[in-house]
Each structure stands twice: as C-alpha cells, then as structure tokens.
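Biologist: I would like to learn how to read a fold step by step. Could you take me through one, giving the general idea before each particular case?

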Amino acid sequence: MSASQQTIFEKILAGEIPCKKVWEDEHTLAFHDISPQAPVHVLVIPKTKIINVSHANETQSEILGRVLLTAKRVAEILGIATSGYRLVLNNGKDGGQTVDYLHCHVLGGRSLGWPPG
Ligand code: AMP
C-alpha cells in the first residue's frame, strides 16, 4: 500500500499527523477525537491494522482485547469510569464507519441517549 492510500489513523501512528494523545502502549494508541461528540470522546486504535470487526480473524483476538482494555484505561484516566461511558465500534457503511482502520470510540462525560440516531 502506498502512503497516499493510508488511512488517517495510519498517518497518526506513523507520526505524520499530530494527535492529542491520551495513552500509548506497545499494542494500542488512544487520542482525542478531532470532532468530539461528548465532553470525553477518545479513539482507541490497535497498532496492528485491522479494517474493522468484520475483517478481524481468530489470530487477532488479543489485539481486540487490548483495544477494550485501553478503552477502560482511558475512562479511568479521564475520570468517567464511575459515571459511565459508551464504547462504539462503527462497522462498515451502514454502521457509520468513515475511517477504514478499526477504532473504538470512548464517549462520556454526559448522559448519552439511546438508541443512537
Ligand atoms: P467513524 O465514523 O466511526 O469511522 O469515526 C471516525 C472518527 O475519526 C470521527 O469521529 C472523526 O471525527 C475522527 N477523526 C478523523 N480524523 C481525525 C484526526 N485527524 N484526529 C482525530 N480524530 C479524527
């Protein structure tokens, strides 16, 4: 894949585009969403590329677990672990996925409506 075909999140991982980092470890990166939909809106991405859940396979189960554990850590760091929060993985066109690189939204800091629009 050429650089021009990379998703924005791969460019962030490569350090080509800045982000407001919340957490980084060997497996994951968490950063503030550029267009926050709640007082806390962070994206957690794996460092190994998976397009979305539909493209994940059995060998990637640890990566998927790491994403969720980082989401939990983000909630603790940003002080919403007790008040509650929502984790969202938009998947494909009808799921509202606009970036083809798996990411988990961590949303909180206010009461969130359900169902989503
Ligand atoms: P989705 O619609 O689930 O694919 O979510 C993609 C998210 O990426 C959206 O909430 C965007 O606001 C967010 N986003 C796009 N570009 C950036 C960026 N450069 N830094 C942080 N978040 C971004």
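**Reading the fold**

Modeller: Among contacts in the protein chain between residues at least 6 apart in sequence, 54% join residues at least 24 apart. Please keep in mind throughout that this is a predicted model.

Biologist: Which helices and strands does the protein chain hold, and what pattern do they follow along the sequence?

Modeller: The protein chain has two helices and five strands, and, read from its beginning, the pattern is α-β-β-β-α-β-β.

Biologist: What radius of gyration does the protein chain have, and what would a compact globule with 117 residues have?

Modeller: A compact globule with 117 residues would have a radius of gyration near 13 Å, and the protein chain has 14 Å, which agrees. Along its principal axes the C-alpha trace spans about 40 × 30 × 30 Å, and buried residues make up 32% of the 117 residues.

Biologist: How should I read the sheet, and in what order do its strands lie?

Modeller: As a general idea, strands of a sheet pair through backbone hydrogen bonds, and the pairing is either parallel or antiparallel. Here the five strands form an open sheet in the order β1-β2-β3-β5-β4, and the pairing is antiparallel. Because β1 (21–24) and β4 (85–88) stand at the edges, each with a single partner strand, one side of each is left without a neighbour in the sheet. Neighbouring strands of this sheet are turned by 20° against each other on average, with direction ignored.

Biologist: How many bridges join β1 to β2, and how many join β2 to β3?

Modeller: β1 and β2 pair in the antiparallel sense over three bridges, and they form a hairpin with three residues between them. One bridge to look for joins tryptophan 23 to its partner in β2, alanine 30. Strand β2 (residues 28–32) also pairs with strand β3 (residues 40–46), again in the antiparallel sense, over five bridges, and threonine 28 stands opposite proline 46 in β3.

Biologist: Which strands does helix α2 touch?

Modeller: Helix α2 (residues 61–77) packs on the sheet and touches β1, β2, β3, β4 and β5 (104–108), while its direction makes about 155° with that of β3.

Biologist: Let us turn to a single residue: where is histidine 103, and is it buried or exposed?

Modeller: Histidine 103 has its place in the loop between β4 and β5. A residue counts as buried when its relative accessible area is under 20%, so histidine 103, with 5%, is buried. The side chain of histidine 103 reaches the backbone oxygen of tyrosine 101 at 2.6 Å. Leaving aside residues up to four places away in sequence, histidine 103 touches Phe9, Leu43, Val44, Ile45, Val88, Leu89 and Gln97.

Biologist: How many disulfides does the structure hold, and why is there no bond between cysteine 19 and cysteine 104?

Modeller: In general, a disulfide is a covalent bond between the sulfur atoms of two cysteines. The structure holds zero disulfides. For cysteine 19, the nearest cysteine sulfur is that of cysteine 104, 16 Å away. A disulfide needs the two sulfur atoms within 2.5 Å, so the 16 Å from the sulfur of cysteine 104 to that of cysteine 19 is too far for a bond.

Biologist: Are these two cysteines buried or partly exposed?

Modeller: Cysteine 19 is partly exposed, with a relative accessible area of 29%, whereas cysteine 104 is buried, with a relative accessible area of 0%.

Methods:
Residues are numbered from 1 along each chain as its sequence is written. This is a predicted model: local features need pLDDT of at least 70, side-chain atom pairs count only at pLDDT 80 or more; totals for chains, interfaces and linings use all residues. Side-chain values use heavy atoms; hydrogens and water are left out. Two strands pair if DSSP finds at least two bridges between them. Helices (H or I, at least four residues) and strands (E, at least two) are DSSP runs, numbered from the N terminus. Axes are lines fitted to C-alpha atoms, for helices over the stretch in contact, and angles run from 0 to 180 degrees between N-to-C directions. Contact means heavy atoms within 4.5 Å. Buried means under 20% relative accessible area, exposed over 50%, partly exposed in between (1.4 Å probe, protein chains only). A polar contact is a pair of N or O atoms within 3.5 Å; within protein, one must be able to donate a hydrogen and the other to accept it, and residues adjacent in sequence count only if both atoms are side-chain atoms. The radius of gyration is taken over C-alpha atoms; the globule rule is 2.2 Å times the number of residues to the power 0.38.
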